[in-house]
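Subject: A structure for you to explore

Hi,

Here is the structure I promised to pass on to you. Please open it beside this email and have a look around before reading further.

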Amino acid sequence: METLLVVIFVVGYLAITLEHNLKIDKLIPALAMMAIMWALMTFGLDSFTTWFDSGSHALLENFGALGHDEKMHLLEETLLHHLGKTSEILVFLLGAMTIVEIIDYFDGFATIKTFIKTRSKKKILWIFSFLAFILSAIIDNLTATIVLISILQKIIKDRETRLWFAGLIVIAANAGGAWSPIGDVTTTMLWIGNKVTTALLIEHLLIPSLVCMVIPSFIASFLPVFKGEIDVEDEEPSKSRYGATMLYLGLGAIIFVPIFKTITHLPPYVGMMLSLAVVATFAEIYSNAKFSISNVDGESDAASHHSPVHSALTKIELPSILFFLGILMAVAALESLGMLFNFAEGLKQGMPLMGTEMAGTQVSDLVILLLGIGSAIIDNVPLVAASLGMFSEPMNDQLWHFIAYSAGTGGSMLIIGSAAGVVAMGMEKIDFFWYLKKISWLALLGFIGGAICYMLMRNLF
């Protein structure tokens with residue numbers, strides 16, 4: 001039965017990675033894989049001899065001796081436990097996505113365009129790289145990429161030039177998301193899973209992530225495509241006079257979440273819901289004020305007034321939320337049967353150790369670097385989810401920080417290796433092989449440079 005579960009997981013995994021070839025959204029195999037795996041576990045429950053206790057992070061003793069009813073009760077409790085942990089991530093993401101869409105409702109991101117005052121391609125490259133690096137740490141790398149490419153399309157009309165900018169934005173956005181607990185789904189998973197804390201994550205990964213962004217941008221700035229100037233069009237006025245206010249309020253509300261968690265020790269999604277409530281309140285007030293002014297001018301009627309919160313909720317990426325639900329719960333099934341735990345133990349015992357702590361560290365570095373490279377080929381979410389079940393190192397262990405870096409930035413090496421890359425691919429119709437030829441080598445150099453920087457900092461400090 002264990003073999004069948006692994007086969008189903010592998011087949012589902014392949015379907016996810018080949019979604020563009022199969023023309024099937026990856027949420028479909030993720031949800032099907034999750035449901036089938038848990039269903040098979042109930043049918044073959046009596047044949048299982050091991051069970052993994054996520055609370056104590058150890059195999060449950062005498063599981064094989066338990067009766068069917070006791071095993072079924074344990075399975076239901078385990079399923080509920082994993083659903084609760086997964087829901088913490090999903091609710092958190094829903095709140096963050098809604099705040100971002102509320103900002104966009106008021107055209108708040110148009111404010112960012114006012115920062116672009118130069119016509120130099122090289123200077124614009126650095127401006128967008130740093131904007132992507134900073135914004136992705138606040139509103140996540142996926143949203144930052146959408147926002148910046150949308151602005152890019154209004155500034156640069158030559159498509160070939162714009163593709164290069166988009167490729168560097170993907171690298172910078174993924175690098176920026178790696179050092180923030182709310183910058184990437186994988187770092188959010190590690191943060192909510194109590195593997196890293198905000199302060200130490202930033203302390204250990206800010207500089208390596210910056211190096212990962214600076215190296216590709218620095219090299220690219222000498223390429224012919226970034227020489228010369230472009231014609232920058234006149235600024236378009238914001239659709240709403242509250243745009244800048246909502247931008248700063250929304251970003252501030254998201255930044256407040258880690259502070260709220262530190263003060264109250266409550267799960268992050270609680271703080272995110274509070275932030276959403278505050279932003280939504282101001283959104284409704286500003287929307288009603290705008291509606292009242294329109295009525296006085298005779299330019300609007302009641303039918304034209306829509307709640308910004310309701311509008312935002314219709315635009316959030318629900319397919320992504322369902323995909324995360326499916327893949328995380330599928331990995332949880334393998335974890336519950338102790339498969340990931342046993343794999344990790346076998347990996348540790350099978351590695352050629354030289355009897356020194358440094359040797360063990362080098363082996364771990366190799367495994368984690370391979371995880372980062374693997375995230376460029378397959379989705380980094382299940383890789384990090386698997387690592388949560390494989391390793392039992394304590395909170396803020398160096399292992400978790402390196403995993404956050406590798407999984408967050410490794411996906412930049414292929415256009416399909418990260419959410420930021422996939423959305424850029426869709427918005428600009430970037431060809432897979434064009435990215436592989438033009439951008440991948442830059443992303444690889446940045447990834448290696450940041451990894452070396454992290455290892456040097458770890459050993460020196």
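Below is what I found in it, going from the whole chain down to single residues.

**The chain as a whole**

Please keep in mind that this is a predicted model. Its average pLDDT is 82, and 87% of the residues score at least 70. Which helix has the highest mean pLDDT among the elements of the chain, and which the lowest? The highest value, 94, belongs to helix α9 (residues 198-220), while helix α14 (residues 339-350) has the lowest, 63.

Two stretches deserve caution when you look at them. Over residues 296-304 pLDDT stays under 50, and the model has 7 contacts beyond four places in sequence for this stretch. Residues 352-360 also stay under 50, with 5 such contacts.

The secondary structure comes to 20 helices and 2 strands. There are 461 residues in the chain, and 53% of them count as buried. If you take the contacts with a separation of 6 or more, 78% of them are between residues 24 or more positions apart.

**The core**

In soluble globular proteins, nonpolar side chains tend to be buried together. The largest nonpolar core in this model has 142 residues. Met 37, Met 41, Ile 102, Phe 128, Ile 139 and Met 189 are those with the most contacts inside the core. Met 41 is a good one to click on: leaving aside neighbours within four places in sequence, its contacts include Leu 5, Phe 48, Trp 51 and Leu 75, and also Ala 333, Ser 336 and Leu 337.

You may wonder about the cysteines. How many disulfides are there? The count comes to 0. Cys 212 is buried because its relative accessibility is 2%, under the 20% cut-off. Cys 453, at 14%, is buried for the same reason.

**Helix α10**

This helix covers residues 243-264, and you can check its length yourself. At 1.5 Å a residue, its 22 residues should span 32 Å, and the end C-alpha atoms are 31 Å apart, so the two values agree. Where does α10 bend? The bend is at Val 257, by about 30°, and a proline, Pro 258, follows within four residues. Both Val 257 and Pro 258 are among the buried residues of α10, which also include Met 246, Leu 247, Leu 251, Ile 254 and Phe 260. Lys 261 is on that list too.

Just after the helix comes His 265, whose phi is positive, near 65°. Pro 267 lies in the loop between α10 and α11 (268-297). Is Pro 267 buried, partly exposed or exposed? Its relative accessible area is 25%, so Pro 267 falls between the cut-offs of 20% and 50% and counts as partly exposed. The C-alpha atom of Pro 267 is 7.1 Å from that of Ile 192, although the two are 75 residues apart along the chain.

**Two loop residues with positive phi**

Lys 23 is in the loop between α2 (19-22) and α3 (27-43). Its phi is near 60°, a positive value in a residue other than glycine. With a relative accessible area of 71%, over the 50% cut-off, Lys 23 is exposed.

Asn 194 is found in the loop between α8 (185-192) and α9. Phi of Asn 194 is likewise positive, near 60°. Asn 194 counts as partly exposed, at 37% relative accessibility.

Enjoy exploring!

Best wishes

Terms used: Residues numbered from 1 in each chain as written. Predicted model: local features only at pLDDT ≥ 70, side-chain atom pairs only at ≥ 80, totals over all residues. Heavy atoms only, no water. Expected span 1.5 Å × (residues − 1). Bend = angle between axes of the 7 residues up to and from the residue. Buried < 20%, exposed > 50% of the residue type's maximum accessible area, 1.4 Å probe, protein only. Core = buried A, V, L, I, M, F, W, Y, C linked by side-chain atoms within 4.5 Å. Contact = heavy atoms within 4.5 Å. pLDDT = per-residue confidence, 0-100. Disulfide = S-S within 2.5 Å.
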